[in-house]
Amino acid sequence: MTLCSRCGRREAIVYQRHTGMRLCKNCFFEDVKQRILEQIKKYNMILPGDRILIGISGGKDSFVLLRFLPEIHTPSKLFGLMIEEGIRDYNRVETFNFIKSTCHELGIDCTITSIKEVLRYSVDEFMFFQMKKYGSIKISACTFCGIARRRILNIYARSYSMNKVATGHNLDDEVQTYLINILRGDIMRLVQLHPLSVVHSPLLIKRIKPLRTIYEYETAFIAYMENFSFQETECPYIVQRPTLRSKIRELIREIEKVNPSAQLEFLKELDNVLEPLVKIRNRDPVNLPQCVKCGEPTAPGRNTCKFCELIDSMLNTQY
Ligand code: SF4
Ligand code: ZN
């Protein structure tokens with residue numbers, strides 16, 4: 001039996017690649033909690049009076065977020081929102097029931113909604129109409145799904161008087177997103193991704209990512225240890241996920257074989273480099289224009305938002 005490198009008393013059950021330590025369950029969970037707390041404190045992510053909407057996708061990451069947040073913030077100020085995408089054979093009643101009972105045990109109120117209920121079209125319908133119109137995929141299901149879910153979280157947070165939206169993005173997600181924007185040369189987006197950035201419209205609710213320094217393999221391990229019911233069916237649209245992200249993911253895996261803490265170091269360095277730029281931009285917030293169709297905020301210089309543009313492009317010949 002290998003003993004835990006930290007407490008030296010209990011059996012080690014996880015090998016933490018980036019520290020080289022073998023940890024027992026208690027010490028591993030404590031280590032993860034401390035890294036979440038470190039980010040929360042460093043960037044003032046959560047203040048005592050905050051009312052936080054937790055976006056629950058039904059995956060392991062949002063489950064881990066749900067598991068740790070009530071230890072950090074008053075459960076009565078947390079609210080879970082599950083969003084059903086409307087994807088045949090993918091959205092499972094069992095996952096939602098499991099999440100509901102987890103929320104109940106943790107003292108967190110939660111509810112479920114769907115993309116169709118709030119925004120009129122499910123992911124499947126969006127793809128169906130698109131195929132009918134163009135005969136091929138012009139816009140991936142993931143693009144629609146991502147924009148729709150972000151919008152719904154924002155709408156619910158506003159209507160439930162929540163001042164933060166927490167999502168379960170982990171370290172791997174965050175590093176991939178940073179790298180994608182570096183490759184695109186999108187500095188404004190990079191600045192906006194930084195945890196200190198402010199929102200640029202009273203209609204937008206600040207998003208926080210408390211798991212941004214937790215590796216994906218760590219969230220998977222915690223979810224497994226906590227008996228999370230992993231989804232057996234993969235989303236049928238997974239093949240439409242942006243290829244750049246998949247390529248970056250593979251590249252990072254190769255780099256981490258040589259330097260297992262590369263992602264943590266990269267994130268820390270980039271956060272530090274971006275911080276002065278974020279502070280300059282925060283001093284002069286832009287008031288984003290509102291979409292003439294739906295009233296939601298849109299990018300500077302635009303009349304309609306990306307979501308209305310997607311719907312219009314799909315429906316023009318349908319209705
Ligand atoms: Fe949505 Fe794409 Fe994820 Fe499927 S794979 S749930 S379409 S983001
Ligand atoms: Zn719009």
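Modeller: In this predicted model, a residue is called buried when its relative accessible area is under 20%, exposed when that area is over 50%, and partly exposed in between.

Biologist: What makes Cys7 partly exposed?

Modeller: The relative accessible area of Cys7 is 23%, and a value that is neither under 20% nor over 50% falls in between, so Cys7 is called partly exposed.

Biologist: How do you know that the sulfur of Cys7 is too far from the closest cysteine sulfur for a bond?

Modeller: The closest cysteine sulfur belongs to Cys4 and is 3.7 Å from the sulfur of Cys7, whereas a disulfide calls for two cysteine sulfur atoms within 2.5 Å, and therefore this pair is too far apart for a bond. As for the structure as a whole, it holds zero disulfides.

Biologist: Why is Cys305 called buried?

Modeller: Cys305 has a relative accessible area of 2%, and because buried means under 20%, the word applies to Cys305. Cys308 is buried as well.

Biologist: Which residues are the protein donors of the zinc ion (ligand 2), and what makes them donors?

Modeller: They are Cys291, Cys294, Cys305 and Cys308, each through its SG atom, lying 2.2 to 2.3 Å from the zinc ion; since a donor here is an N, O or S atom within 2.8 Å of the metal, these sulfur atoms qualify. Along the sequence, the donor residues follow the spacing C-x2-C-x10-C-x2-C.

Biologist: Why is the site of the zinc ion (ligand 2) called tetrahedral?

Modeller: The angles among its four donor atoms run from 105 to 116°, and because four donors count as tetrahedral if all angles lie between 85 and 135 degrees, the site is given that name.

Biologist: Turning to the loops, how do you know that Asp89 is exposed?

Modeller: Asp89 has 61% relative accessibility, and exposed means over 50%, so Asp89 counts as exposed. Asp89 is placed in the loop between strand S4 (78–84) and helix H3 (93–106), and although it is not a glycine, it has a positive phi of about 65°.

Biologist: What makes Ser161 exposed?

Modeller: With a relative accessible area of 53%, set against a cut-off of over 50%, Ser161 is therefore exposed. Ser161 lies in the loop between helix H6 (141–159) and strand S6 (164–166), and its phi, near 55°, is a positive value in a residue other than glycine.

Biologist: Which residues surround ligand 1, and how do they divide?

Modeller: Among them are Glu85, Tyr90, Cys142, Arg149 and Ile238, and the shell divides into seven nonpolar, no polar and three charged residues.

Notes. Residues are numbered from 1 along each chain as its sequence is written. Chains are lettered from A and ligands numbered from 1 in the order in which they are written. This is a predicted model: local features need pLDDT of at least 70, side-chain atom pairs count only at pLDDT 80 or more; totals for chains, interfaces and linings use all residues. Side-chain values use heavy atoms; hydrogens and water are left out. Helices (H or I, at least four residues) and strands (E, at least two) are DSSP runs, numbered from the N terminus. Buried means under 20% relative accessible area, exposed over 50%, partly exposed in between (1.4 Å probe, protein chains only). A residue is near a molecule or strand if one of its heavy atoms lies within 4 Å of it. Ala, Val, Leu, Ile, Met, Phe, Trp, Tyr, Cys and Pro count as nonpolar, Asp, Glu, Lys and Arg as charged, and the others, Gly among them, as polar. Donors are N, O and S atoms within 2.8 Å of the metal (3.2 Å for Na, K and Ca); water is not among the atoms, so sites may look incomplete. Four donors count as tetrahedral if all angles lie between 85 and 135 degrees; four count as square planar and six as octahedral if opposite donors are over 155 degrees apart and all others between 65 and 115; anything else is irregular.
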